[in-house]
Amino acid sequence: MKVDHGKPAPYARKSRAEANRVVRVLERYCDFPVPVEPVLVFVGVSELKVVATQLTVRVYEERQVAALAPLSGVLTADQVEQVYGVARHSQAWARA
């Protein structure tokens, strides 16, 4: 990706790696699969160029974040609460 005519940066690769880390941590403490999709949101950029073949990370500019609203969830309310609890637990992330 290029932001504001700068050099290409590996944001997508780093986002995928972080998503994999999140899955490992959450699934270690939850008794169900936790779907995680990497998303990058760029704020205050004048130009954003994304390679057309980059399909594994969603990329948005700040004004496009509303596009996330219609996405439907796959977890039950109880599962969401469990994920939220794990996500807030600092010890879970310290060992990641």
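Buried means under 20% relative accessible area, exposed means over 50%, and partly exposed lies in between, with a 1.4 Å probe and protein chains only. The model is predicted, so local features need pLDDT of at least 70 and side-chain atom pairs count only at pLDDT 80 or more, while totals for chains, interfaces and linings use all residues. Residues are numbered from 1 along each chain as its sequence is written, and side-chain values use heavy atoms, with hydrogens and water left out.

**Exercise 1.** Classify the aromatic pair and the burial of its two members.

*Solution.*
1. Rings of Phe, Tyr and Trp (its six-membered ring) pair if their centres lie within 6.5 Å; planes under 30 degrees apart are stacked, over 60 edge-to-face, and the rest tilted. This rule yields one aromatic pair.
2. The ring centres of tyrosine 11 and phenylalanine 42 are 5.3 Å apart and the planes meet at 70°, so the pair is edge-to-face.
3. Tyrosine 11 belongs to helix H1 (residues 11-29) and phenylalanine 42 to strand S2, so that the pair links distant parts of the chain, 31 residues apart. Helices (H or I, at least four residues) and strands (E, at least two) are DSSP runs, numbered from the N terminus.
4. Tyrosine 11 has 34% relative accessibility and therefore counts as partly exposed, whereas phenylalanine 42, at 12%, counts as buried.

**Exercise 2.** Describe the two faces of strand S2 and its pairing with S4.

*Solution.*
1. In S2 (residues 39-42) the side chains alternate: Leu40 and Phe42 are buried on one face, while Val39 and Val41 point to the other and are not buried.
2. S2 and S4 run parallel and are joined by four bridges; two strands pair if DSSP finds at least two bridges between them.
3. Valine 41 stands opposite tyrosine 60 in S4.
4. Between phenylalanine 42 and valine 59, the C-alpha to C-alpha distance is 7.9 Å, at a sequence separation of 17 residues.

**Exercise 3.** Locate the nonpolar surface patch and the largest nonpolar core.

*Solution.*
1. Val39, Val41, Val43 and Val65 make a nonpolar surface patch of about 280 Å².
2. Valine 65 sits in the loop between strand S4 (58-61) and helix H2 (77-88), and its 32% relative accessibility makes it partly exposed.
3. A nonpolar core is a set of buried Ala, Val, Leu, Ile, Met, Phe, Trp, Tyr and Cys residues joined through side-chain atoms within 4.5 Å. The largest has nine residues, including Val22, Phe32 and Ala92.
4. H1 and H2 each supply at least two residues of this core, and H1 gives the most, with three.

How values were computed:
Patch = residues over 30% accessible without salt bridge, like charges linked within 9 Å, V, L, I, M, F, W, Y side chains within 5 Å. Areas by Shrake-Rupley, 256 points an atom, 1.4 Å probe, with all protein chains shown as cover. Salt bridge = Lys/Arg side-chain N within 4 Å of Asp/Glu carboxyl O.
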